[in-house]
Structures are given as C-alpha cells and as structure tokens.
Amino acid sequence: MELNIKASFAFLLLFLARLSDAQTPAAQPAVFDITKYGASSNGDISKALLDAFKEACASTSPSTIVIPKGTFEMAQVKLQGPCKAPLELQVQATLKANADPKQLSADIEWLTVNYIDRFTLSGGGIFDGQGKAAWSQNNCKDSKSCGNLPNNLSFNFLTNSTIQDITSQDSKLFHVNVNGCRNLTFIRVNITAPPESINTDGIHVARSSNVNITDCVIGTGDDCISIGDELERLHITRVTCGPGHGISVGSLGKTLVKSFVVGVYVKNCTFINTIMVLG
C-alpha cells in the first residue's frame with residue numbers, strides 16, 4: 001500500500017509539473033531595435049546594425065533585429081555567423097545605398113549574410129540600390145565583365161532559412177546572389193529594375209541545394225532567375241517574371257571543378273515579355 005501511495009504521489013507531481021510547463025507561455029524573442037544603438041534618419045545606420053547584430057547573434061534564445069519604418073542610408077554591411085540561436089532581421093524601412101558606385105568597395109556586396117542557421121529576413125521593407133548611375137558605367141554587354149559593382153543582397157552558407165516579404169529595387173548589379181546555401185526559401189519577394197538596367201539578375205543561385213522560390217514577382221533588365229553550377233533541387237513556383245530574360249541555366253563549366261545542375265522544377269509561373277534560355 002505504501003508503495004502504491006508513493007507511486008501515485010510521484011505521478012501527481014509529474015502531472016502537475018507538465019501542466020505547469022504547458023501553461024507557461026513560450027519565451028518571446030529578444031528584440032534589438034537599431035534606434036537603441038544610435039541609428040537615425042540623419043546618417044548611415046551601418047554601425048548601429050552591426051552593433052545590434054553582435055548582441056543578437058550572441059543570444060542563446062531566438063532574437064529579432066528591427067529596422068523600424070522610415071528611410072535610412074546604409075553603407076555596405078556584412079553580417080557573419082554562426083549565431084547561437086535563430087535570428088530574424090526585420091526590415092520595415094526603406095534602405096538606400098550610396099548612389100555613387102565609386103564610393104563603394106568592389107570586394108563586398110551591399111548587404112551580405114553569411115554562415116547562419118535558421119535566419120529570417122522579413123518586414124516588408126525596401127532595399128533601394130540606387131543603381132541608375134551604375135548602369136551607364138556597366139560594360140557587361142561589350143566586355144563580358146561586370147566587376148566593381150556590388151549586388152544588393154548576398155546570402156552565403158545559410159541553412160534552414162527564409163527570405164520573405166521584402167523588396168529589392170534598382171540594384172547596381174544582381175539583386176540577390178545565393179551561394180553555398182541549403183534549405184533556403186524565398187517567398188513573396190518583389191524584385192524590380194527597369195528594362196535598361198544591365199545585368200541586374202533577380203535571383204542568382206549556385207552551389208546550393210533545396211532552394212524554393214515561391215509567390216515572387218521579378219522584373220529586371222536581365223534574368224529573373226539565373227542558375228549557376230553545382231545546384232541540386234531548385235523549385236520555382238507561382239513566380240511572375242517580366243520584363244527580363246526569363247529563367248536561365250548557363251555559364252557552367254568555366255572551371256576545372258565538376259559542374260552540375262540537378263532537379264530544377266518550374267511550375268505555375270507567368271512570363272511577361274521574356275525569353276527562356278537554356279545553355
């Protein structure tokens with residue numbers, strides 16, 4: 001009898017502990033607002049963003065960096081992991097790059113995000129690359145070389161990550177460059193540049209696997225989506241493409257490294273004033 005009472009009491013304690021855990025609300029992500037780090041509409045927010053990222057990346061619980069509504073200038077920024085927990089960069093603002101390409105380094109992109117697991121970029125904001133001055137200097141068409149210009153967004157070696165509800169506008173070169181990523185999803189991303197903008201590919205993907213591009217609207221002066229080497233399993237669904245050069249697979253085998261493209265699926269997409277190139 002005593003044994004049964006002890007067992008029943010132990011079961012009751014376990015039940016009450018689990019009930020308490022179930023009723024305890026999940027911890028809310030820590031929020032890092034860049035205005036708390038000195039960002040304002042009167043100057044470049046790069047340092048404030050880097051300072052907020054340093055703390056958020058070191059957090060052992062999920063964190064959110066917020067760039068609130070407004071218009072801000074931002075120089076070239078690299079956010080480099082790994083981080084200790086999931087991290088979201090929530091851009092609600094319009095961010096503007098320096099319009100003068102001579103003031104930018106050719107070695108890094110405008111915003112680079114590297115080596116993070118469970119990263120999210122969201123918020124409904126706009127990345128305005130202010131690329132008009134650069135396009136007139138872009139000699140891609142004649143020289144086949146497009147150096148010295150940064151892409152708007154560069155994602156490298158991200159895993160289990162999502163890019164959603166943002167706009168990339170008037171990039172100086174590619175809008176989005178994806179390299180070495182695994183399990184990366186783009187959803188409800190808008191990309192826009194006029195037809196005369198040279199080599200402003202919407203999303204360029206290479207050396208990656210399990211990439212999904214869904215419910216996006218892409219219209220540029222070049223490929224809506226361009227596909228490079230060493231790519232496995234790319235799903236493109238419900239994308240509206242145009243104007244531009246459509247979806248292109250090409251520029252493969254330029255190095256001695258084995259190049260392959262396996263499993264590209266295009267479904268329920270709309271092409272407007274575009275061409276589709278395979279080669």
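Eight strands form an open sheet in this predicted model, where they follow the order E3-E6-E9-E12-E15-E18-E21-E24 and pair in the parallel sense. Strand E3 (71-73) and strand E24 (270-271) stand at the edges with a single partner strand each, so one side of each has no neighbour in the sheet. The points below take up the edge at E24, the residue His245, and the pairing around strand E5.

**The edge at E24**
- Strand E21 and strand E24 are joined by parallel pairing over two bridges.
- Within this pair, Thr240 has Thr270 in E24 as its bridge partner.

**His245**
- The residue that UniProt lists for "active site", in an unreviewed entry, is His245.
- His245 lies in the loop that runs between strand E21 (240-241) and strand E22 (247-249).
- With a relative accessible area of 32%, His245 counts as partly exposed, because this value falls between the limits of under 20% for buried and over 50% for exposed.

**Strand E5 and its partners**
- In a regular strand the side chains alternate between the two faces of the sheet.
- Strand E5 (residues 87-91) shows such an alternation, since Leu87, Leu89 and Val91 point to one face and are buried, while Glu88 and Gln90 point to the other face and are not buried.
- Strand E2 (residues 63-67) pairs with E5 in the parallel sense over five bridges, and Ile67 stands opposite Val91 in E5.
- Strand E8 (residues 119-122) also pairs with E5 in the parallel sense, over four bridges, and the bridge partner of Leu89 in E8 is Leu121.

Notes: Residues numbered from 1 in each chain as written. Predicted model: local features only at pLDDT ≥ 70, side-chain atom pairs only at ≥ 80, totals over all residues. Heavy atoms only, no water. UniProt positions renumbered as here; feature names shortened; annotations may be inferred. Buried < 20%, exposed > 50% of the residue type's maximum accessible area, 1.4 Å probe, protein only. Pairing = 2+ DSSP bridges.
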